[in-house]
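User: I'm trying to learn how labels like these get decided. Can you walk me through some of them?

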Amino acid sequence: MSTFPNEDHFANESKFRLDFQKRKQPCRCATVCLWLLCAVLLAGNIAQIIYYWLQTNYSSLLADRDQLQDRAERLKVKLRGVPCKLGWKKFDISCYFISTMKRNWTESRKSCKAQGTDLVVIESREEQVFVNGVLKKGQNAWIGLTDKQKEGNWMWVDGTPLITKFWQIGQPNSYNGNQDCAEIVQDTSLGEWNDDGCFAEQIWICEN
């Protein structure tokens, strides 16, 4: 008798393997689905944790901002009551010095810095009106505005960009490409700005 498997044996074995694989497929699908569900739940939990963390930190930042604003307002109230040094003029929380001598823009700024201040930075219409009002009729005075670093990019001496503007019509025009410093030109109402050569000599205004 032959000991080798016959064709029926191979057929039965193939059928058994096929049935076994068919039974395994649902198990594999269930395993994959279970892993996917776990991944979704984990992602959801992580998202909730991040959202809670962001909300908590945002609320904390808002509280810190409100506290700082409150302190700043109280400090402003105190500063408004602080008198200026002799020869200086008060507006809001700042003090202003108007020179009687004339110097170029760079030397004017050095003079302000020697007093622990800098050339005036005009941030509002009200401040513009005040500065214009302390000048005599027709006077020009250096202010802390320049585009020395990059032509056409006007910046204040404290590093802030120019936002509120009071240029004369047609200014700044950088006439002959050599006008990199700003001056305020006094008039009967608001006063206007003009760009001029930084080498020109005129009075200046310091702000503390």
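Analyst: Sure. Of the 208 residues in this chain, 29% are buried. Keep in mind that this is a predicted model.

User: What makes D118 buried or exposed?

Analyst: D118 has a relative accessibility of 16%. Buried means under 20%, so D118 counts as buried.

User: And why is R109 called partly exposed?

Analyst: The relative accessible area of R109 is 22%. The class in between buried and exposed runs from the 20% cut-off to the 50% one, so R109 lands there and is partly exposed.

User: How do you know that R109 and D118 meet in a salt bridge?

Analyst: Their side chains come to 2.9 Å, N to O. The rule asks for a side-chain nitrogen of Lys or Arg within 4 Å of a carboxyl oxygen of Asp or Glu, so the pair R109 and D118 qualifies.

User: What about D118 and K113: what makes that pair a salt bridge?

Analyst: Here the N to O distance is 3.7 Å. That is still within 4 Å, so D118 and K113 pass too. K113 itself has 48% relative accessibility; exposed needs over 50%, so K113 is partly exposed.

User: Which residues are linked in a network of salt bridges?

Analyst: R109, K113 and D118 are. D118 meets R109 in one bridge and K113 in another.

User: How many salt bridges does a search of the whole structure find?

Analyst: Three. One of them joins the side chains of E107 and K110 at 3.5 Å, N to O, and that is within 4 Å, so the label fits. Both residues sit in helix α2 (residues 105–114), three residues apart, or about one turn of the helix. E107 is partly exposed, because its 33% relative accessibility falls between the two cut-offs.

User: Let's switch to strands. How do you know that β6 and β7 pair?

Analyst: Pairing takes at least two bridges. Strand β6 (residues 181–185) has five bridges to β7, so the two strands pair. They run antiparallel, with A182 opposite D195 in β7. Together they form a hairpin with six residues between them, and in the turn G191 has a positive phi of about 85°.

User: Why is β7 described as mostly covered?

Analyst: Count its residues: β7 spans residues 192–196, and four of the five are buried. Each of those four is under 20% relative accessible area, so "mostly covered" is a fair description.

Technical notes. Residues are numbered from 1 along each chain as its sequence is written. This is a predicted model: local features need pLDDT of at least 70, side-chain atom pairs count only at pLDDT 80 or more; totals for chains, interfaces and linings use all residues. Side-chain values use heavy atoms; hydrogens and water are left out. Buried means under 20% relative accessible area, exposed over 50%, partly exposed in between (1.4 Å probe, protein chains only).
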